[in-house]
Amino acid sequence: MDSFDLDMPNSTSNISKKSILAQIRNEKNKEKMDTRQKVESLKPNMIVKHLELIILRIYPRRLISTSNYTGPVAAACGRDETGIVGLVLWDDQIESTRVGDIIKIENGWCRQRDGELVVSTGKSGKIRILDR
């Protein structure tokens, strides 16, 4: 009986430590989630710092030539839990991104085209594939 009483506080102590660690992890995850932008909050000419989307469709690529960029580009669309947004994929992004991918856009931009919002990485941003 004595050994049971001695073991009990240790196991309770371990449970408490684990639950405290779980709470700390959950708080950190909440902070990360809070910094994520959502489609519903996007506005034209806004910087996109951290937007996560699931790719719904990728349209055929085409070649463009402007004073800023010459090469392949593809339109796409993606969504999060708050809405749908257009997406511009550039060059290697076209081949590396697939329908169904969950992506993160970092340091991109949001513009309005034909009344709809469109996001892209631009020259300095990145697309990261979070899940396939």
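# Strands, buried acids and a surface patch

Trainee: What stands opposite arginine 62 in S3?

Mentor: Valine 73 is the residue opposite arginine 62 in S3. Strands, like helices, are taken as DSSP runs numbered from the N terminus, with E and at least two residues for a strand, and H or I and at least four residues for a helix.

Trainee: Before we go on, what kind of model is this?

Mentor: This is a predicted model, in which local features need pLDDT of at least 70 and side-chain atom pairs count only at pLDDT 80 or more, whereas totals for chains, interfaces and linings use all residues. Residues are numbered from 1 along each chain as its sequence is written, and side-chain values use heavy atoms, with hydrogens and water left out.

Trainee: Okay, how many bridges join S2 to S3?

Mentor: Strand S2, residues 62-65, runs antiparallel to S3 and is joined to it by 4 bridges, and a hairpin of 4 residues connects S2 with S3. Two strands are said to pair if DSSP finds at least two bridges between them.

Trainee: And which way do S3 and S4 run, parallel or antiparallel?

Mentor: S3 and strand S4, residues 83-90, run antiparallel with 8 bridges between them, and the hairpin that links S3 to S4 has 2 residues. Within that pairing, glycine 78 has valine 85 of S4 as its bridge partner. S3 also pairs with S1 in the antiparallel sense, over 4 bridges, and there isoleucine 58 is partnered by alanine 76 in S3.

Trainee: Why would you call S3 largely enclosed?

Mentor: Strand S3, residues 70-80, is largely enclosed by the rest of the structure because 8 of its 11 residues are buried. Buried stands for under 20% relative accessible area and exposed for over 50%, with partly exposed in between, using a 1.4 Å probe and protein chains only. Over the protein, buried residues make up 31% of the 132 residues.

Trainee: Zooming out, in what order do the elements run?

Mentor: From the N terminus on, the order is α-β-β-β-β-α-β-β-β, with 2 helices and 7 strands in the protein.

Trainee: Switching topic, where is aspartate 101, and is it buried or exposed?

Mentor: Aspartate 101 sits in the loop between helix H2 (92-96) and strand S5 (102-113), and it counts as buried because its relative accessibility is 2%. Its side chain makes a polar contact of 3.0 Å with that of arginine 132, where a polar contact is a pair of N or O atoms within 3.5 Å, one of which, within protein, must be able to donate a hydrogen and the other to accept it, while residues adjacent in sequence count only if both atoms are side-chain atoms.

Trainee: What else is aspartate 101 in contact with?

Mentor: Leaving aside neighbours within four places in sequence, the contacts of aspartate 101 (heavy atoms within 4.5 Å) include Leu53, Ile55, Ser96 and Ile129.

Trainee: And which side chains have a polar contact with glutamate 106?

Mentor: The side chain of glutamate 106, a residue of strand S5, has a polar contact of 3.4 Å with that of lysine 104 and another of 3.1 Å with that of arginine 128. Although glutamate 106 and arginine 128 are 22 residues apart along the chain, their C-alpha atoms are separated by 8.1 Å. Glutamate 106 is buried, because its relative accessible area is 15%.

Trainee: Now the outside: which residues make the nonpolar surface patch?

Mentor: Ile54, Leu56, Ile84, Ile102 and Leu130 make a nonpolar patch of about 390 Å². Patch members have over 30% relative accessible area and no salt bridge (a side-chain nitrogen of Lys or Arg within 4 Å of a carboxyl oxygen of Asp or Glu), with nonpolar side chains (Val, Leu, Ile, Met, Phe, Trp, Tyr) joined within 5 Å and like charges within 9 Å. The areas come from the Shrake-Rupley method with a 1.4 Å probe, and for residues only the protein chains shown count as cover. Leucine 56, which lies in strand S1 (residues 46-58), is partly exposed at a relative accessible area of 37%.

Trainee: Last one, what is the phi of asparagine 45?

Mentor: Asparagine 45 is not a glycine, yet its phi is positive, at about 65°. Most residues other than glycine have a negative phi. Asparagine 45 lies in the loop between helix H1 (2-35) and S1, and it is exposed, with a relative accessible area of 65%. Aspartate 114, also not a glycine, has a positive phi of about 50° and is placed in the loop between S5 and strand S6 (116-120).
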